[in-house]
Amino acid sequence: MSIRILCKEEFDLKAELLKMEGTIPRGYFSASQFTKYLNCGESYRYHYEKSIYSPPSEKMAIGSVGHELVELHIKSQLETKLIPEADTILESLNSIFSAVFSKVPEKARELSTEALLDIIKNIYTCWYKEVSSELSPVSSEETAYFLLDDMWPIMAKLDYINLDEEGRLEIVDLKVGKMLRDPKNSLQLGIYSLSKGINRVSYDTLLLPGKRTGARRKKEGTTLSEEQLGHIESVLSTAARGIAAKIYLKTTPDFWGCSLKYCSAYERCRGEVNKHG
Ligand code: SF4
């Protein structure tokens with residue numbers, strides 16, 4: 001196994017070649033591709049070979065708008081070297097909201113626009129209060145590239161790189177949702193770490209407000225060891241070879257993602273089986 005960091009030009013050449021040859025669907029890999037393949041090879045095939053996927057849900061769209069507000073905040077801070085006012089960032093809320101929610105089908109909408117805007121303001125304001133004074137970003141929305149095993153180009157989209165409280169560079173991924181993720185056991189953060197050679201990684205999570213609680217923010221980081229990164233490399237290497245060989249295993253029926261709610265291929269795949277009892 002080997003890792004070599006690539007510049008964009010080298011990455012584009014390698015990816016173009018693999019795409020032309022039809023070796024892998026997109027010509028390159030990403031954290032979301034690997035995660036989908038490792039969760040269910042068949043759902044990877046539907047998504048990346050047959051382009052069958054679902055439109056975003058309301059919850060995903062809330063996450064995307066919250067994410068974009070934070071990105072805007074960090075970009076503004078990087079450009080001006082000043083902490084922006086929350087109200088200035090929130091001036092962009094309506095336009096970001098319209099663009100993101102235009103992709104959510106009407107039938108997937110449960111809450112009114114007003115209620116959705118309130119939730120999003122609540123999560124951004126929570127992040128702002130907790131983070132803005134301690135944030136030291138060095139980059140935002142950077143795309144990094146590397147080559148695995150001298151063969152597979154991999155793209156990593158990093159939300160932001162920060163200087164942590166001890167002055168160390170850390171790669172931070174922002175999440176908006178209902179659950180906390182463990183940075184020590186994250187394929188995504190492992191890929192990001194390999195893409196930059198930075199082994200300090202964190203999740204910055206905004207937890208959606210509940211019935212009795214407002215939005216909450218939790219940041220949890222770790223330093224990935226050589227052994228942990230070596231394991232991630234071996235997982236990626238096996239998955240890359242599996243995809244190139246078109247080995248698309250179906251997941252186990254009791255996997256949470258193997259359901260109508262979470263799998264966009266369900267009706268074509270397992271739904272067909274369940275029709276017959
Ligand atoms: S229904 Fe289950 S087995 Fe079929 S593609 Fe979806 S997750 Fe995979």
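The shell around the ligand comprises 7 nonpolar, 3 polar and 3 charged residues (Ala, Val, Leu, Ile, Met, Phe, Trp, Tyr, Cys and Pro count as nonpolar, Asp, Glu, Lys and Arg as charged, and the others, Gly among them, as polar). The model is predicted: local features need pLDDT of at least 70, side-chain atom pairs count only at pLDDT 80 or more, and totals for chains, interfaces and linings use all residues. Residues are numbered from 1 along each chain as its sequence is written.

In total, 13 residues surround the ligand, each with its C-beta atom, placed from the backbone, within 6 Å of the ligand. The closest are Cys-40, Cys-258, Cys-263, Cys-269 and Arg-270. Helix α3 (residues 41–49) provides the largest share of this shell, 3 residues. Helices are DSSP runs (H or I, at least four residues) and strands likewise (E, at least two), numbered from the N terminus.

Helix α2 (residues 31–39) packs against α3 at about 135°, with the axes 5 Å apart. Axes are lines fitted to C-alpha atoms, for helices over the stretch in contact, and angles run from 0 to 180 degrees between N-to-C directions. The angle therefore makes α2 oblique to α3 (under 35 degrees is roughly parallel, over 145 roughly antiparallel, 65 to 115 roughly perpendicular, the rest oblique). Gln-33, Lys-36, Tyr-37 and Asn-39 of α2 meet Gly-41, Ser-43, Tyr-44, His-47 and Tyr-48 of α3. Contact requires C-beta atoms, placed from the backbone, within 7 Å. This contact has 3 nonpolar, 5 polar and 1 charged residues.

Technical notes: Two residues are in contact if their C-beta atoms, placed from the backbone, lie within 7 Å.
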